[in-house]
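I'm opening my notebook on this one and jotting things down as I look them up. Let me have the structure in view before I start.

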Amino acid sequence: MKIATRTVAWLIAILVALQAASIAYALMSVGHLVFSEGQTLDQNTEVGGAGFALHSIVGMQIIPALSIILLILALIARSRTTIWLSVAVLVAVIIQIFLGMFGGDMPALGWFHGLVAFVIFVLAGVTGQRAADRTSAQPTMAAPA
């Protein structure tokens, strides 16, 4: 169970990095269209679609589902530290979803959206490391008297 917890936690961290890469691709595609090709954007412009789509699907569906699975695995493993870290990951993911949903109306939330992504990355990585540390800990036998 601890290996599964570690794997899911690190997968979340990897997917957060993929999120950053996909939105960077999407926005650089927009920048290239506007600044290099001199075009304008309107509601019908299709540029960076793969990056925007990947960012949306991974951020709104895959990472939240994995965060719930991570918490379930931590509860099954009964490690207090991993449970609390998993709760923190889930709470940060929920905050991130709301920041993303309302960011269109309040673009300044984008600052927090980016920062919370780092928080999720770190929390997921620490959760995976804690699960790995617990996996490698072998019980020691007492020396004979």
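**Entry 1: the first helix.** Before anything else, I need to know what counts as a helix here: a DSSP run of H or I with at least four residues, numbered from the N terminus. Also worth remembering is that this is a predicted model. With that settled, I looked just past H1 and found Gly-38, which follows the helix and has a positive phi, near 70 degrees.

Next I checked the length of H1, which covers residues 2–36. How far should its 35 residues span at 1.5 Å a residue? The expected figure is 51 Å, and the end C-alpha atoms sit 50 Å apart, so the two agree.

**Entry 2: H1 against H2.** Two packed helices are described by the angle between their axes and the distance between the axes. So I looked up both for H1 and H2, the latter being residues 49–77. Their axes come within 9 Å and cross at roughly 165 degrees. Are they roughly parallel or roughly antiparallel? An angle over 145 degrees counts as roughly antiparallel, so that is what I wrote down for H1 and H2. I noted the handedness too: H1 passes H2 in a left-handed crossing.

**Entry 3: two neighbours in H3.** I moved on to helix H3, residues 80–102, and picked Val-87. Ser-86 lies in H3 as well. Which of the classes, buried or exposed, fits Ser-86? Its relative accessible area is 0%, so I put it down as buried. Val-87 comes out at 28% relative accessibility, so this one is partly exposed.

What does Ser-86 touch, leaving aside its neighbours within four places in sequence? My list reads Leu-70, Leu-71, Ala-74 and Thr-127. Ala-74 turned up again when I checked Val-87: the two are 13 residues apart along the chain, and their C-alpha atoms are separated by 9.3 Å.

**Entry 4: the rings.** How many aromatic pairs does the structure hold? I found one. It is Phe-98 with Phe-102: the ring centres are 6.2 Å apart and the planes are at 10 degrees, so I call the pair stacked. The cut-off I used is that planes under 30 degrees apart count as stacked.

Where do these two sit? Both are in H3, four residues apart, which is about one turn of the helix. I looked up their accessibility last. Phe-98 has a relative accessible area of 44%, so it goes down as partly exposed. Phe-102 is at 39%, and it is partly exposed too.

Technical notes: Residues are numbered from 1 along each chain as its sequence is written. This is a predicted model: local features need pLDDT of at least 70, side-chain atom pairs count only at pLDDT 80 or more; totals for chains, interfaces and linings use all residues. Side-chain values use heavy atoms; hydrogens and water are left out. Buried means under 20% relative accessible area, exposed over 50%, partly exposed in between (1.4 Å probe, protein chains only). Contact means heavy atoms within 4.5 Å. Rings of Phe, Tyr and Trp (its six-membered ring) pair if their centres lie within 6.5 Å; planes under 30 degrees apart count as stacked, over 60 as edge-to-face and the rest as tilted. The expected span of a helix is 1.5 Å times one less than its number of residues. Axes are lines fitted to C-alpha atoms, for helices over the stretch in contact, and angles run from 0 to 180 degrees between N-to-C directions. Angles under 35 degrees count as roughly parallel, over 145 as roughly antiparallel, 65 to 115 as roughly perpendicular and the rest as oblique. A crossing is left-handed if the near helix is turned anticlockwise from the far one by less than a right angle, and right-handed if clockwise.
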